[in-house]
Amino acid sequence: MDRAEQHDVTDGRTLVAGVDSSTQSTKIVVCDAETGQVVRAARAPHPDGTEVHPDRWWEAFEQACGDGVLDGVAAIAVGGQQHGMVALDEDDTVVRDALLWNDTRSAGAARDLTSELGGVSAWVDAVGLVPVASFTVTKLRWLAEHEPDLAERVARVVLPHDWLTGRILQQGNGFERWSTDRGDASGTGYWSAADGDYRLDLLDRAFGRTLEVPEVLSPAQAAGHTAEGLLVAAGTGDNMGAALGLTLHPGDVVVSLGTSGTVFTPHGSAIRDETGAIAGFADATGHHLPLMCTLNAARVLTAAASMLGVDLAELDRLALQAVPGAGGLTLLPYLDGERTPDLPEATGTLSGLTRTNATPENLARAAVEGMLCNLVAGVDALRDHDVEVGRILLIGGAAASRAVRQIAQGLFRAPVVVPAPAEYVGVGAARQAAWALSGEADPPTWALAIDSEYAVQPSDEQAHADVVARYQDLVSRTHGV
């Protein structure tokens, strides 16, 4: 087990735990329920791939719980990777490996479902989003069409965070029913954030028959208690958990640069976006979380470093040696297909290469600019819906890059704030656990530590505007979107 630093300084304080069950690992953070201070943390890895048996998540959770990480904890909540399809039979046995958000085999099913309901507008009206391969509803259609024998065994479908929450309660002799929350339910494709209810007709359309779905709990509601008295809160999706952990305010737009890239912000009402760029998700507080997601983020930098035969620190140095625009090089970073724009079969494109600009510095800069430009489109889509963009909060592994931080403020046309490094999904889940434990109307107020801030430099505005325009033109010419 990869253990983070541990401090045994509880001093009689009430402790709560948050679990981040992500694509790559399980991370647990234990926090002071009043202040949010992290007092200990741990993690354990998940297997790589786009499908995995949920038992691997439980094994990682148990491994991360070693050495008494949960000792003295009064409440726990799980923040999990969104959209994953966990299909269960009548006995709650897992029918097949869970298909994860980044599994694109259901791209054809997404196109079929969009057409069958009457197009993009009909889906946006129904559930606030347009089917893409990431969403659970498309994975269920794929299962029904390609593995009918397994599909015949399925009685109910839950999400990764639902499954792990239920497993904690089952092991603690406190399980009563499968449950979820508004945030994670809103990413299935068969629950409407605007209406606050399931669209079981869409689930039936996708799978061909009725399936049981988890009860949607209110934000501060407990999913149950273990026999030992541990409160297990509702939990939520990973993006909703990060929003809770960052204690966002109106005008705060998060750009998360992890395995995937996401753009999201709290909002008081559901957003209707027929382009499909912005999904009308709910958040974990009873409001909304319009969100744009890409498949390709931090791994773009890793791939570029590998191409150049350097480490990430050297990639940073090289990128900052090049001028904005990388001498005319533009990278479309669709290295694993893409979710936004919806191009699941796409590959990466490097355009504008000449003998003059073919340098390591320009390639490094083009990788950073290309990764960020795909997320600039998400921020601009929010602006198109009159959502306030006051500042950009840059989080995730790639936010540690000096080049990413310095280039971002120009491309996003907004001040960039880099919060202090933390496991924000886990912290957000812990904050939800503290909320459920408190019985208060609102979540506890936890302070956000800021690592650094970058103001927009007017002198760079035109150069960065040209970078974004050239990127968007290449997307249009290459893919027609």
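In this report a residue is called buried when its relative accessible area is under 20%, exposed when that area is over 50%, and partly exposed in between, with a 1.4 Å probe and protein chains only. The model is predicted, so that local features need pLDDT of at least 70 and side-chain atom pairs count only at pLDDT 80 or more, while totals for chains, interfaces and linings use all residues. Residues are numbered from 1 along each chain as its sequence is written, and side-chain values use heavy atoms, with hydrogens and water left out.

**Cysteines**

Taking a disulfide as a pair of cysteine sulfur atoms within 2.5 Å, the structure holds zero disulfides. Two cysteines are set out below.

| Cysteine | Nearest cysteine sulfur | Distance | Relative accessible area |
|---|---|---|---|
| Cysteine 31 | cysteine 65 | 14 Å | 0%, buried |
| Cysteine 293 | cysteine 373 | 17 Å | 6%, buried |

**Nonpolar cores**

A nonpolar core is a set of buried Ala, Val, Leu, Ile, Met, Phe, Trp, Tyr and Cys residues joined through side-chain atoms within 4.5 Å. The largest such core has 54 residues, of which Val255, Leu257, Leu372, Ile392, Leu394 and Phe412 touch the most other members. Its largest share, twelve residues, comes from α12, where helices (H or I, at least four residues) and strands (E, at least two) are DSSP runs numbered from the N terminus. A second, separate core has 47 residues, among them Ala126, Val127, Val137 and Ala193.

Contact here means heavy atoms within 4.5 Å. With neighbours within four places in sequence left aside, leucine 394 is in contact with residues including Val255, Leu257, Ala399, Val404 and Pro419. Isoleucine 395 lies in strand β23 (residues 391-395) and is buried at 8% relative accessibility. On the same basis of leaving aside neighbours within four places in sequence, isoleucine 395 is in contact with Ala242, Leu246, Val254, Val255, Ser256, Leu257, Pro419 and Tyr424.

**Helices α11 and α12**

The axes of helix α11 (residues 312-321) and helix α12 (residues 360-384) come within 7 Å and cross at roughly 100 degrees, the axes being lines fitted to C-alpha atoms over the stretch in contact and the angles running from 0 to 180 degrees between N-to-C directions. Because angles of 65 to 115 degrees count as roughly perpendicular, α11 and α12 are roughly perpendicular to each other. On the α11 side the contact is made by Leu315, Leu318, Ala319 and Gln321, and on the α12 side by Pro360, Glu361, Ala364, Arg365 and Val368.

Conventions:
Parallel < 35°, antiparallel > 145°, perpendicular 65-115°, else oblique.
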